[in-house]
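The exercises below are meant to be worked with the sequence and the model side by side. Each task is followed by a solution that goes step by step.

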Amino acid sequence: MASAQLWAISVAVLLALLAVDFVITRRPHEVAMREAVGWSLFYLALPAAFGALIWHLYGRRPAMEFYTGYVVEKSLSVDNLFVFMLLLAAFSVPPWLAQRVLLYGIAGALVLRAIFIAAGAVVLQSGTWAFLLFGGVLLLTAVKVFREALRHEDYQVDIETMRSVRLMRRLMPVTAEYQGGRLTVRQNGRRALTPLALVVVAVFMTDLVFAVDSVPAVYGVTEDPYLVFATNAFALLGLRALYFVLHNVLDRLRHLNHGLAIILAFIGVKLVLHWAHGLWSGVPDIPTDASLVVIAVTLATVTATSLYSDRRDRVTTSVR
């Protein structure tokens, strides 16, 4: 869909938004709820306006693909936030440095997603078998996520066993304490990393794992690399503010992984059916509108059941 000019404008706007975020976090501070909500609303308004612009310029179908892909990415990003919260706690990141860590991680994730999206586009151009491959990946991931959800397995963070952290410590010395927002400092006449650099690398490597699922998931909604990149960019840009909005309620979304497993499985089936439809037109091809409805209903259901279960447990505990 996108021309070279549209790509250039989009990347320029993305870099400008990142620059604004870096300026805002230049002086690290604890983020108040009012500030976090304000930025969250701003980053929700941006994709809404962008989708309306796509609708006006290119029509209904690409706009619906963008909105559906954005909802998929945003729902998957909430799971990312929970892992980021555990990482920040494991590294004992001071509250006033949390947004700087997230911003570094988001910037790195955008570069990483762009590479994955480009690779995905190349694979799709090689033949329709790529839809079967992506569908299989999502179905396997859905089974894994659902099994973990049924076993109530919590994501564990052990800094000492993280390969990226061990590698960084071998390459350079690490200071004992955080040095403000600095990633490196001079110590005893040589350059040393700060703990901030380690947690940024850990966040970046964690997103590498998430990208393996999220990029194929959006390709299950649209085959346009530009729209895939746009959905990822908008979802990631709002993560920093959303983290502080949901920080105190993330653990209450106990059924989120059940919903994500259903969404991943649904998109996996959609990709397999799309591949089969190309071989035989009698196989149904799930439309984007139906996908958006299924995803929205799934997210609304698991959110409602999570809040209900949490409230029920709180009442039971208070009675005891």
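A residue counts as buried when its relative accessible area is under 20%, and as exposed when that area is over 50%. The model used throughout is a predicted one.

**Exercise 1. Determine how many residues of helix α9 are buried, and list what covers them.**

Solution. Begin with the extent of the helix: α9 runs over residues 239-246, and seven of its eight residues are buried, so that the helix, on the definition above, is mostly covered. Next, name these buried residues, which are Leu239, Arg240, Ala241, Leu242, Tyr243, Phe244 and Leu246. Finally, look for the elements around them: the cover includes α1 (4-24), α2, α3, α4 and α8.

**Exercise 2. Describe how α8 packs against α2, and then how α4 packs against α8.**

Solution. Two packed helices are described by the angle between their axes and the distance between the axes. For the pair formed by helix α2 (residues 33-58) and helix α8 (residues 225-237), the axes come within 9 Å and cross at roughly 160°. Angles over 145 degrees count as roughly antiparallel, and therefore α2 is roughly antiparallel to α8. The residues that make this contact are Tyr43, Leu46, Pro47 and Phe50 on α2, together with Tyr226, Ala230, Phe234 and Leu237 on α8. The crossing of α2 past α8 is left-handed.

For the second pair, the axes of α4 and α8 lie 10 Å apart, at an angle of about 160°. By the cut-off already used, α4 is therefore roughly antiparallel to α8. Here, however, the crossing is right-handed. On the α4 side the meeting residues are Ile106, Ala109, Leu110, Arg113, Ala114, Ile117 and Ala121, and on the α8 side they are Pro225, Val228, Phe229, Asn232, Ala233, Leu236 and Leu237.

**Exercise 3. Is Arg113 buried or exposed, and which residues is Arg113 in contact with?**

Solution. First place the residue: Arg113 belongs to helix α4, which spans residues 98-125. Its relative accessible area is 2%, and Arg113 is therefore buried. Then, leaving aside neighbours within four places in sequence, collect the contacts, which are Glu73, Asn80, Asp207, Phe210, Ala211, Ser214, Val215, Asn232 and Leu236. With one of these, Ser214, the side chain of Arg113 forms a polar contact of 3.3 Å.

**Exercise 4. Carry out the same analysis for Ser306.**

Solution. Ser306 is found in helix α11, residues 288-319. Because its relative accessible area is 0%, Ser306 is buried. When neighbours within four places in sequence are left aside, Ser306 is in contact with Arg252, Leu253, Arg254, His255 and Leu256.

**Exercise 5. Examine the positive phi values of Ser92 and Asn188, and say where each residue lies.**

Solution. Most residues other than glycine have a negative phi. Ser92, a residue other than glycine, nevertheless has a positive phi near 50°; it sits in the loop between α3 (60-90) and α4. Its relative accessibility is 52%, so Ser92 counts as exposed.

For Asn188, start from the strands: β1 (residues 184-187) and β2 (residues 190-193) pair in the antiparallel sense over four bridges. One bridge partnership is that of Gln187 with Arg190 in β2. Two residues stand between the strands of this hairpin, in which Asn188 takes a positive phi near 55°.

Conventions. Residues are numbered from 1 along each chain as its sequence is written. This is a predicted model: local features need pLDDT of at least 70, side-chain atom pairs count only at pLDDT 80 or more; totals for chains, interfaces and linings use all residues. Side-chain values use heavy atoms; hydrogens and water are left out. Buried means under 20% relative accessible area, exposed over 50%, partly exposed in between (1.4 Å probe, protein chains only). A polar contact is a pair of N or O atoms within 3.5 Å; within protein, one must be able to donate a hydrogen and the other to accept it, and residues adjacent in sequence count only if both atoms are side-chain atoms. Contact means heavy atoms within 4.5 Å. Two strands pair if DSSP finds at least two bridges between them. Axes are lines fitted to C-alpha atoms, for helices over the stretch in contact, and angles run from 0 to 180 degrees between N-to-C directions. Angles under 35 degrees count as roughly parallel, over 145 as roughly antiparallel, 65 to 115 as roughly perpendicular and the rest as oblique. A crossing is left-handed if the near helix is turned anticlockwise from the far one by less than a right angle, and right-handed if clockwise.
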